[in-house]
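User: Could you take a close look at the sheet in this model and walk me through how its strands pair and what packs against them? I'd like one connected account that I can follow with the structure open.

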Amino acid sequence: MSIWWSLHLRREAASVPLARRLLLGTMETAGVDPDICYDLAVALSEACANAVEHGGDAASEDYRVTAFIDGDTCRIEITDSGPGFRPRSAPPAPPHTAEDRALPPAPVPTPAQAPAFAEDGRGLFLIEALTDHVHYRNRTGRPGAVVSFDKILKWREGAALPMAS
């Protein structure tokens, strides 16, 4: 047996706990180990928060969260309509305001190098630390980014979903 769901959410802070609660409810009902549920909930919250903060402009008001449980693996995918990921070798965008010009452009932190004091990059670091596989890409044919991550599931004793397979 497999489970999947998809949410189309507004880019508002209130959407993050909604997505997290739906994921936790699904995982708990299916019988996933609480520690795995927690790891996935934190990773999902970070990815949704990034979509809310960076996932578009005034014209793009939404993002999508899709979760799949298939066998012993959960895959979660967050898709937004923002500018997408800048290639690591690309130069930073030119400054837009006098205040931006006063500060040198900061390098985009890589998830594995996000320092504890960094303002940005900790969310990606947490996603990578809490899941088994992470993939970042830009949407094909339209603006936006896609963050997907997988986690191998562990089950509580007597869990419903593994027995239904």
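Analyst: Happy to; here is a walk through the sheet, strand by strand, and then through the helices on it.

A quick word on the basis: this is a predicted model, in which local features need pLDDT of at least 70, side-chain atom pairs count only at pLDDT 80 or more, and totals for chains, interfaces and linings use all residues. Residues are numbered from 1 along each chain as its sequence is written, and side-chain values use heavy atoms, with hydrogens and water left out.

Let's start with the layout. Five strands make an open sheet in the order E1-E2-E3-E5-E4, with antiparallel pairing; strands (E, at least two residues) and helices (H or I, at least four) are DSSP runs, numbered from the N terminus, and two strands pair if DSSP finds at least two bridges between them. Strand E1 (2-10) and strand E4 (133-138) each have a single partner strand, so these edge strands are left without a neighbour on one side. From one strand to the next, the twist averages 10°.

Now follow the pairings. E2 and E3 run antiparallel and are joined by seven bridges; one to find is phenylalanine 68, whose bridge partner in E3 is arginine 75. The hairpin of E2 and E3 has two residues between the strands, and glycine 71 there takes a positive phi near 65°. E3 in turn pairs with E5 over seven bridges, again in the antiparallel sense, and here glutamate 77 has serine 148 of E5 as its bridge partner.

At the E4 edge, six bridges join E4 to strand E5 (residues 145-152), and the two run antiparallel. Valine 134 has phenylalanine 149 of E5 as its bridge partner, while asparagine 138 stands opposite alanine 145 in E5. Six residues lie between E4 and E5 in their hairpin, where glycine 141 in the turn has a positive phi of about 80°.

E4 also takes part in an aromatic pair (ring centres within 6.5 Å; planes under 30 degrees apart count as stacked, over 60 as edge-to-face, the rest as tilted). Phenylalanine 85 and tyrosine 136 meet edge-to-face, 5.6 Å centre to centre with 70° between the planes. Phenylalanine 85 is in the loop between E3 and helix H3 (98-102) and tyrosine 136 is in strand E4, so the pair ties together parts that are 51 residues apart in sequence.

Next, the helices on the sheet. H1 lies across E1, strand E2 (62-70) and strand E3 (73-79), running at about 170° to E1; axes are lines fitted to C-alpha atoms, for helices over the stretch in contact, and angles run from 0 to 180 degrees between N-to-C directions. H2 lies across E2, E3 and E5, at about 175° to E5.

These two helices also pack on each other: helix H1 (residues 15-30) and helix H2 (residues 34-54) have axes 9 Å apart and an angle of about 155°. H1 and H2 are therefore roughly antiparallel, the term for angles over 145 degrees. Among the residues that meet are Leu23 and Met27 in H1 and Leu40 and Leu44 in H2, where contact means heavy atoms within 4.5 Å.

Finally, H2 packs with helix H4 (residues 122-130) at an angle of about 150°, their axes 9 Å apart. That makes H2 roughly antiparallel to H4 as well. The contact includes Val42 and Ala43 of H2 and Leu126 and Ile127 of H4.

How values were computed: Angles under 35 degrees count as roughly parallel, over 145 as roughly antiparallel, 65 to 115 as roughly perpendicular and the rest as oblique. Rings of Phe, Tyr and Trp (its six-membered ring) pair if their centres lie within 6.5 Å; planes under 30 degrees apart count as stacked, over 60 as edge-to-face and the rest as tilted.
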